[in-house]
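Here is a briefing on a two-chain model. Please have the sequence and the structure open while reading.

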Amino acid sequence: MRWMRNVLVGAALAGLALPAAQARTVKVGVVLAFSGVNAEWSEQIMRGAELYLKQHPDSVGNNKIELIKRDSKNPSGTVARTEVQELITREKVDIVAGFAFSPDAIASAPLATQAKVPMIVMNAGTAWITNLSPYIARTSFSMWDAAYPMGTYAAKTLGCKTAAVGYTDYPPGKDSLEAFTKGFESAGGKVVDAIPMGNPAQVPDFTPFLQRVRDEKPNCLYVFVPAGEHAAALVKTYGELGLRAAGIKLIGPLDIIQDTKLQGMGKAAVGLVVMGHYAADYTNPANEVFVKAWRAAYGANSTPDFMAVGGWDGMAAIAHVVKTLDGKIDGDKAMKALEGWKFASPRGPIMIDPKTRDIVQDEHVEEVVEKGGRLHVNVLETIPQVKDPCKELKVGKCAQ
Amino acid sequence: MQHVLNVAVGLLLDGLAYGMILFIISVGLSVTMGLMGFVNLAHGAFAMAGGYVTVTLMSALGVPFLPALAGAFVIVGAASVAFERLLYARLYRANELDQVLFSIGLVFMAIAAFTYFYGPAPRPIRVPAYLSGSVDLGFRTLPAYRVFMVAVGAALVAALWFGFERTSLGAKIRAAVDNRHMAQSVGIHVDRLFTMTFALGSGLAALGGGLAVNLLGLTPTFAIQYLVFFLIVVAVGGLGSIRGAVVAALVLGITDNAGKYLYPAGGAFFIYAATIALLLLRPAGLYGRD
């Protein structure tokens with residue numbers, strides 16, 4: 001009977017010895033398009049997010065983060081919404097994150113509001129997404145961050161008097177068109193044509209659209225297409241149809257020179273001018289650490305891109321919330337913790353704007369150059385700490 | 001006037017090239033579905049497999065582009081024999097719904113399998129330098145690769161026309177498709193013939209897939225992404241007619257390209273409008289037999 005007493009005493013002691021600060025597990029539902037067209041984006045975002053946790057195990061204090069991944073498949077938003085609903089009602093997640101495509105974030109936003117669950121948008125870039133719910137914070141970008149200053153830069157510095165705009169026909173495309181047009185025309189330029197170029201689910205044949213531009217002869221062609229296969233095909237067609245030789249400059253947001261696609265674009269990409277917030281070539285200390293850790297984890301030949309950084313920063317934001325609230329996630333307190341949060345991102349210094357919960361970041365004018373058989377991104381000019389111009393100027397849905 | 005003429009000729013050329021691309025990615029289906037009468041929605045899966053074989057041969061083994069395409073044709077064609085004997089052969093006499101369900105199931109399994117082995121990321125392809133430049137016509141610049149596609153398309157049309165219309169093998173295939181029992185009773189080995197035809201169709205699918213990588217990109221979802229285009233080409237052309245598939249692909253290619261040039265906001269409207277109009281005029285397709 002002696003052993004029994006020992007066990008009982010031992011158990012009682014163990015009970016007393018329970019730590020005061022209990023380690024909690026925070027459930028984070030990650031909704032990304034792991035299959036379907038451009039599934040590569042979601043792989044980048046997920047890798048970035050997981051790498052942050054791996055490199056910073058202490059960033060969540062005494063607590064743990066459990067990731068529950070769900071596939072949002074096609075970019076229509078319907079699957080994402082269903083997944084978010086299941087994550088909230090069945091898995092009882094504390095936070096939802098991810099959202100590769102704008103429609104996915106737009107469709108899921110009402111659920112975040114109803115359930116008061118913080119929703120961290122790691123990619124989707126339509127400007128007014130953050131207006132859709134007070135529980136949304138974004139660690140990627142707004143389409144306006146790049147498109148609006150690009151419009152001003154094209155008119156003032158590149159000397160373009162006329163421009164044609166080509167865009168993929170879905171919310172971020174229209175957003176980018178609107179932002180560029182506003183920036184360009186308020187700086188004295190004129191947009192002569194706006195061409196919808198297919199949908200995000202399928203890479204279209206860009207020939208008829210670019211031939212049309214070629215015959216219109218604008219000074220600049222501003223393009224928004226989703227990064228990935230769309231961008232690669234677009235730049236290739238631009239090169240093959242001889243638009244550069246015809247004197248039409250191709251410009252755009254950084255999506256058209258995504259790091260993972262850049263080397264494959266070859267000569268056609270040399271001389272492209274984009275407005276962007278990240279390139280793997282950046283030399284700030286945070287990026288050097290990030291790129292090194294990335295290559296160690298995912299292979300010397302793999303490269304992170306701006307989507308991976310959206311995932312990395314998004315996870316850093318989540319870790320910050322978990323640590324601040326010590327694992328007890330409450331929607332309102334979590335948003336409070338995020339407002340004004342500052343972080344040394346691989347892209348440079350970032351902040352979550354306390355008013356809009358959208359990211360504030362540096363934008364760079366970048367040119368693609370060839371050096372030693374490789375394509376590089378050369379920063380020409382920096383616009384520090386850009387706040388989403390759509391919300392600053394209160395345009396359309398951004399005013400609500 | 002000169003300008004209008006230039007634009008018109010340009011649109012015709014671009015549309016022709018685009019139509020040839022549609023033909024090349026669909027020709028395999030016009031053999032398996034058109035000629036053999038099997039509703040083979042898995043055509044895209046064989047095309048996708050062909051793309052991966054081409055890319056793998058080139059990147060892992062250093063095979064040049066053209067031999068790699070031939071390799072894709074042979075390897076996928078040979079592999080499809082196993083599928084035909086084990087699976088397809090059981091469903092030749094099944095109803096269309098069964099064939100649809102079976103082959104679409106095969107597509108999803110193929111997507112999952114290729115995602116497992118290759119991952120979801122797109123596979124790049126490096127085509128030889130002589131195919132990556134442009135041909136300058138003065139008023140228009142044509143990408144060299146598209147000129148190449150037009151040539152390949154024309155060669156395929158000639159080879160298939162000759163094979164099916166002018167050889168005894170082609171005659172046997174047509175006989176077997178038209179009346180299986182009669183063909184068997186005059187001593188044609190129908191099963192073996194169907195296996196060969198299926199292998200040819202799958203090989204052509206693989207060839208189309210390999211050729212398309214440079215234009216459409218390559219991910220496992222290739223298997224289903226362009227399914228609508230394959231089906232439109234075969235349906236508008238008329239089942240069982242290679243000639244129909246060529247004409248349909250060209251008409252659709254030229255309409256779609258011109259529509260997008262002249263009125264981009266119309267988007268995909270033109271290709272579907274043309275499809276509906278043609279099928280209303282000729283429900284069995286341009287060269288189909290009622």
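**Val233(B) and the nonpolar core**

Leaving aside its neighbours within four places in sequence, Val233(B) is in contact with seven residues of its chain: Leu22(B), Phe23(B), Ser26(B), Ala245(B), Ala248(B), Ala249(B) and Leu252(B). The model is a predicted one.

- Val233(B) and Ile318(A) have the most contacts inside the largest nonpolar core, which has 220 residues.
- α1(B) gives the most to this core, with 15 residues.
- The core also draws on both domains of chain A, with at least three residues from each of domain 1 and domain 2.
- In soluble globular proteins, nonpolar side chains tend to be buried together.

**Where chain B touches chain A**

- On the chain B side, 24 residues are in contact with 29 residues of chain A.
- Four elements of chain B give two or more residues to that side: α1 (2–35), β1 (134–136), β2 (141–143) and α12 (242–262).
- α1(B) gives the most here, with four residues.
- By class, this side of chain B has 11 nonpolar, 10 polar and three charged residues.

**Met33(B) in helix α1**

- Helix α1 of chain B holds Met33(B).
- Is Met33(B) buried or exposed? Met33(B) is buried, because 24 other C-beta atoms lie within 10 Å and the cut-off for a buried residue is 20 or more.
- Beyond its neighbours within four places in sequence, Met33(B) is in contact with Phe38(B), Val39(B), Asn40(B) and Val234(B).
- Ser103(B) is 70 residues from Met33(B) along the chain, and 11 Å separate their C-alpha atoms.

**Helices α2 and α3 of chain B**

- α2(B) is mostly covered, with 15 of its 19 residues buried.
- How does the span of α2(B) compare with what its 19 residues should give? At 1.5 Å a residue they should span 27 Å, and the end C-alpha atoms are 26 Å apart, so the two agree.
- Gly62(B), just after α2(B), takes a positive phi of about 70°.
- Helix α3 of chain B (residues 65–86) has 22 residues, which should span 32 Å at 1.5 Å a residue. Its end C-alpha atoms are 32 Å apart, so the expected span is met.
- The buried residues of α3(B) include Ala68(B), Leu69(B), Gly71(B), Ala72(B) and Phe73(B). Further along α3(B), Val76(B), Gly77(B), Ser80(B) and Glu84(B) are buried too.
- What do the buried residues of α3(B) pack against? They pack against α2 (43–61) and α9 (190–216) of chain B.

**The two domains of chain A**

- Chain A is divided into domain 1 (25–141 + 283–357) and domain 2 (144–276 + 363–399).
- Taken over C-alpha atoms, the centres of the two domains of chain A are 26 Å apart.
- Contacts link 22 residues of domain 1 of chain A with 24 residues of domain 2 of chain A.
- Which elements give two or more residues to the side of domain 1 of chain A that touches domain 2 of chain A? They are α2 (39–55) and α4 (102–115) of chain A.
- α4(A) gives the most to that side of domain 1, with three residues.
- The residues on that side of domain 1 divide into 11 nonpolar, eight polar and three charged.

Key:
Residues numbered from 1 in each chain as written. Chains lettered and ligands numbered in written order. Predicted model: local features only at pLDDT ≥ 70, side-chain atom pairs only at ≥ 80, totals over all residues. Contact = placed C-beta atoms within 7 Å. Nonpolar A, V, L, I, M, F, W, Y, C, P; charged D, E, K, R; others polar. Expected span 1.5 Å × (residues − 1). Buried ≥ 20, exposed ≤ 12 C-beta atoms within 10 Å, placed from the backbone. Domains from an automatic or database assignment. Core = buried A, V, L, I, M, F, W, Y, C linked by C-beta atoms within 7 Å.
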